[in-house]
Amino acid sequence: LLEELRSKAVSELVEEGVEAGQVSIRLRRLFLRLEGQESAIEVDATAGAAPREAFAKAYRRLFGYDPGARRIEVESIRVVACGPSGQQPRSANGPARSSRESRSKPFFDAETAKWTEVPILERREMSQETVVDGPLLIAEDHSVTVVELGWAASCDEFGDLRLVRGGE
């Protein structure tokens with residue numbers, strides 16, 4: 001199962017454009033428990049490690065006694081794969097200013113205690129030259145960054161988002 005998950009993780013990163021040779025497996029974990037127990041113990045599942053021995057060691061550390069010969073069951077398995085670190089400069093291609101007026105969303109302004117419409121900018125639209133002033137929301141696949149009034153957002157040469165308070 002670990003190998004199957006490793007292979008699937010690599011395949012998914014390759015589908016996202018990462019070269020197979022650049023994919024590394026960051027961790028392999030087994031979540032094991034004694035049969036009938038509710039809570040699992042996380043153990044490292046790197047090559048060569050015996051899961052039963054790793055579980056027994058972790059069990060003794062947590063509970064102070066050996067689990068004995070009771071059956072151990074796998075509750076879940078986790079494999080984390082990653083591509084290169086991303087410390088390569090982003091392409092400077094793209095608009096110098098973004099079309100941030102394309103969407104807006106009601107947003108609660110804590111300072112005025114009122115709802116206000118703020119623009120939503122898609123992060124993928126930002127290039128290194130893009131500088132936007134708050135208030136606005138910067139949307140990504142798995143997060144949203146709030147840029148408050150008096151703050152500006154930009155991207156550095158590595159594509160990292162940088163927020164600066166007015167004039168700093």
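How many residues lie between β9 and β10 in their hairpin, and which residue in the turn has a positive phi? The close-ups below take this up along with two sheets, and please keep in mind that the model is predicted.

**View 1. The hairpin of β9 and β10.** Here is the reply to the opening question: 5 residues lie between the two strands of this hairpin, and Gly-159 in the turn has a positive phi of about 85°. Strand β10 covers residues 161–165, and 5 bridges join β10 to β9 in an antiparallel arrangement. If you would like one pair to look for, Cys-155 stands opposite Leu-161 in β10.

**View 2. Strand β9 and its pairing with β6.** Strand β9 (residues 151–155) is mostly covered, with 4 of its 5 residues buried. On the β6 side, 3 bridges link β9 to residues 131–133, and these two strands also run antiparallel. Two of the partners are easy to pick out: Val-131 is bridged to Ser-154 in β9, and Val-132 has Ala-153 in β9 as its bridge partner.

**View 3. The open sheet β6-β9-β10.** Stepping back from the pairs, this view shows 3 strands in the order β6-β9-β10, forming an open sheet with antiparallel pairing. Which strands stand at the edges? They are β6 and β10; each has a single partner strand, so one side of each is left without a neighbour in the sheet. From one strand to the next, the twist averages 25°.

**View 4. The open sheet β2-β1-β3.** Another open sheet has 3 strands, in the order β2-β1-β3, and its pairing is antiparallel. At the edges stand β2 (41–44) and β3 (72–82), each with a single partner strand, so one side of each has no neighbour in the sheet. Direction ignored, neighbouring strands of this sheet are turned by 25° against each other on average.

**View 5. Strands β1 and β3, with two helices on the sheet.** Strand β1 (residues 24–34) runs antiparallel to β3, and 10 bridges join the two. Within this pairing, Leu-27 stands opposite Val-80 in β3. Helix α1 (residues 2–15) packs on the sheet and touches β1 and β3, with its direction making about 25° with that of β3. Helix α2 (residues 51–63) packs on the sheet as well, where it touches β1, β2 and β3. The direction of α2 makes about 135° with that of β2.

Methods:
Residues numbered from 1 in each chain as written. Predicted model: local features only at pLDDT ≥ 70, side-chain atom pairs only at ≥ 80, totals over all residues. Heavy atoms only, no water. Pairing = 2+ DSSP bridges. Axes fitted to C-alpha atoms, helices over the stretch in contact; angles between N-to-C directions. Contact = heavy atoms within 4.5 Å. Buried < 20%, exposed > 50% of the residue type's maximum accessible area, 1.4 Å probe, protein only.
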